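Here is a short set of exercises to work through with the model open beside you. Try each task before reading its solution.

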Amino acid sequence: MTDPLPPGSTIGILGGGQLGRMLAQAAAKLGLRTHVYSDRADDPAFELAAAATCGEFTDVARIAAFAETVDVITYEFENVPLEAAEAAERLRPLRPGSRALAVAQDRLIEKRFISGLGLPVAPFAEVSSPAMLARELETIGTPAILKTRRFGYDGKGQARIRTPGEASAALAELAGAPAILEGHVAFEREVSILVVRGHDGEVRTYDTPVNEHRDGILYRSTVPSSLEPSHRARAEEIGRLVADALDYVGLLAVEMFHISGDAKNPLIINEIAPRVHNSGHWTLDACHVSQFENHIRAVAGWPLGSTARHSNAVMTNLIGPEADDWRKLAEDPMLSLHLYGKREARAGRKMGHVTRLSPLTESGRAKDD
Ligand code: AMP
């Protein structure tokens, strides 16, 4: 057991995007300071943090100097270089630790880890040559998806293979990057489980949102989902198992495919995000304690807050120019508008989100209270 960090303590955040920004806001609510480390001077988290360091993530000496100024360190994106995370971890507690990063950074390690827990994933195989791809396509079959092992996000670094004839084009698309081949899962919907685990091992889960994507980017998350209670319970069990196996501290998201008719494996795990997650942004407005605050509480060694939901919610991302409608969105009394302060509305860039609340039609996750 560690003593909780008292108000006035400083949490270091590796990464300065909107997730870091919302973590800094949550920390400030509890009287905690944040020091953000990121590599882009105009990152949205900087303007909300008490202290800022703009440096490369590969600059281990700079990361170590940053670590010396804080009491505990967390991260808001999973591609923090492992050497940097380990350098930070030598000086201060890193929560969640570098193991969660190592697992989530590489799709092959991640898939092996999840299936090693006895949890279902799509059929997968390592692919590092045309011959390997041809061989694995025979086993896994088509349709399939070739994905880079590292640095894939929002559908990037992926090529669909509908017929074996498309194999070489898929390899060319990935430009020789180490890859995995995944069998295509004929899912009905995508869901995620958001689980927070405290430093003492206590686990709480949020209600399971159903997530819709457009062009590989999350478009909308809705709670309650139409998942049957036993499948929701299974999602929670999956979240707990993964968090416990990683001895995780903080908020973790597990993205899953739902197949309601599959009695044995209704939920197939796609990937783990060792951080606060876009599919949990509705918790800011629809829950007693948001995913951001609960992450900060866990990282600071505080008691976890309630994950209960007091409203139904539909969270929609504002991508690129969609945020230009801010004036109209701000007029809607049932819409909670969040803008990330990004200056340039590039296509595909997450500029903000809106959450539409409506009265609770079924009990949220009240049992953790
Ligand atoms: P990922 O980057 O792995 O999250 O994949 C991006 C999106 O591609 C997912 O949200 C799914 O919609 C789709 N996808 C990824 N892997 C599979 C799969 N094995 N079967 C079917 N769809 C997939």
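A residue counts as near a molecule or strand if one of its heavy atoms lies within 4 Å of it. Please note that this is a predicted model, in which local features need pLDDT of at least 70 and side-chain atom pairs count only at pLDDT 80 or more, while totals for chains, interfaces and linings use all residues. Residues are numbered from 1 along each chain as its sequence is written, and side-chain values use heavy atoms, with hydrogens and water left out.

**Exercise 1. The ligand shell**

Task: Find which residues come nearest to the ligand, and describe the make-up of the shell around the ligand.

Solution:

Step 1. Begin with the neighbours: 17 residues surround the ligand, and Lys147, Gln158, Glu182, Val185 and Glu190 come nearest.

Step 2. Sort the shell by character. It holds five nonpolar, six polar and six charged residues. Here Ala, Val, Leu, Ile, Met, Phe, Trp, Tyr, Cys and Pro count as nonpolar, Asp, Glu, Lys and Arg as charged, and the others, Gly among them, as polar.

Step 3. Place the shell on the fold. At least two shell residues come from each of β6, β7 (158-161), β8 (179-183) and β14 (267-273). Helices (H or I, at least four residues) and strands (E, at least two) are DSSP runs, numbered from the N terminus.

Step 4. Look for polar contacts, meaning pairs of N or O atoms within 3.5 Å; within protein, one must be able to donate a hydrogen and the other to accept it, and residues adjacent in sequence count only if both atoms are side-chain atoms. Gln158 places a polar side-chain atom 2.7 Å from a ligand oxygen. For Arg160, a side-chain N or O atom is 3.4 Å from an oxygen atom of the ligand. Glu182 has a polar side-chain atom 2.9 Å from a ligand nitrogen. Taken alone, the ligand exposes 470 Å², and the protein buries 93% of that. These areas come from the Shrake-Rupley method with a 1.4 Å probe; for residues, only the protein chains shown count as cover.

**Exercise 2. Backbone surprises**

Task: Where do the cis peptide bonds before Pro96 and Pro143 lie, and what is the phi of Asp215 and of Asp247?

Solution:

Step 1. Recall the background: most residues other than glycine have a negative phi, and most peptide bonds are trans.

Step 2. Check the prolines. The bond from Arg95 to Pro96 is cis, with omega near -10°, and Pro96 sits in the loop between α3 (82-91) and α4 (98-105). The bond from Thr142 to Pro143 is cis too, with omega near -5°; Pro143 belongs to the loop between α6 (130-140) and β6 (144-148).

Step 3. Turn to the aspartates. Asp215 has a positive phi of about 50° and lies in the loop between β11 (210-214) and β12 (217-223). Asp247, in the loop between α8 (229-245) and β13 (250-258), has a positive phi near 50°.

Step 4. Add accessibility, where buried means under 20% relative accessible area, exposed over 50% and partly exposed in between (1.4 Å probe, protein chains only). Asp215 is exposed because its relative accessibility is 78%, and Asp247 is exposed at 57%.

**Exercise 3. Around Thr74 and Leu14**

Task: Is Thr74 buried or exposed, and what does its side chain reach?

Solution:

Step 1. Locate Thr74 in strand β4 (residues 72-75). With a relative accessible area of 0%, Thr74 is buried.

Step 2. Follow its side chain: a polar atom there lies 2.8 Å from the backbone oxygen of Arg95.

Step 3. List contacts, defined as heavy atoms within 4.5 Å. Beyond four places in sequence, the partners of Thr74 include Leu14, Arg95, Pro96 and His295.

Step 4. Move on to Leu14. In the largest nonpolar core, which has 39 residues, Leu14, Val242 and Met256 touch the most other members. Such a core is a set of buried Ala, Val, Leu, Ile, Met, Phe, Trp, Tyr and Cys residues joined through side-chain atoms within 4.5 Å. Helix α8 gives the most to this core, with four residues. Apart from it lies another core of 38 residues, including Val249 and Trp302.
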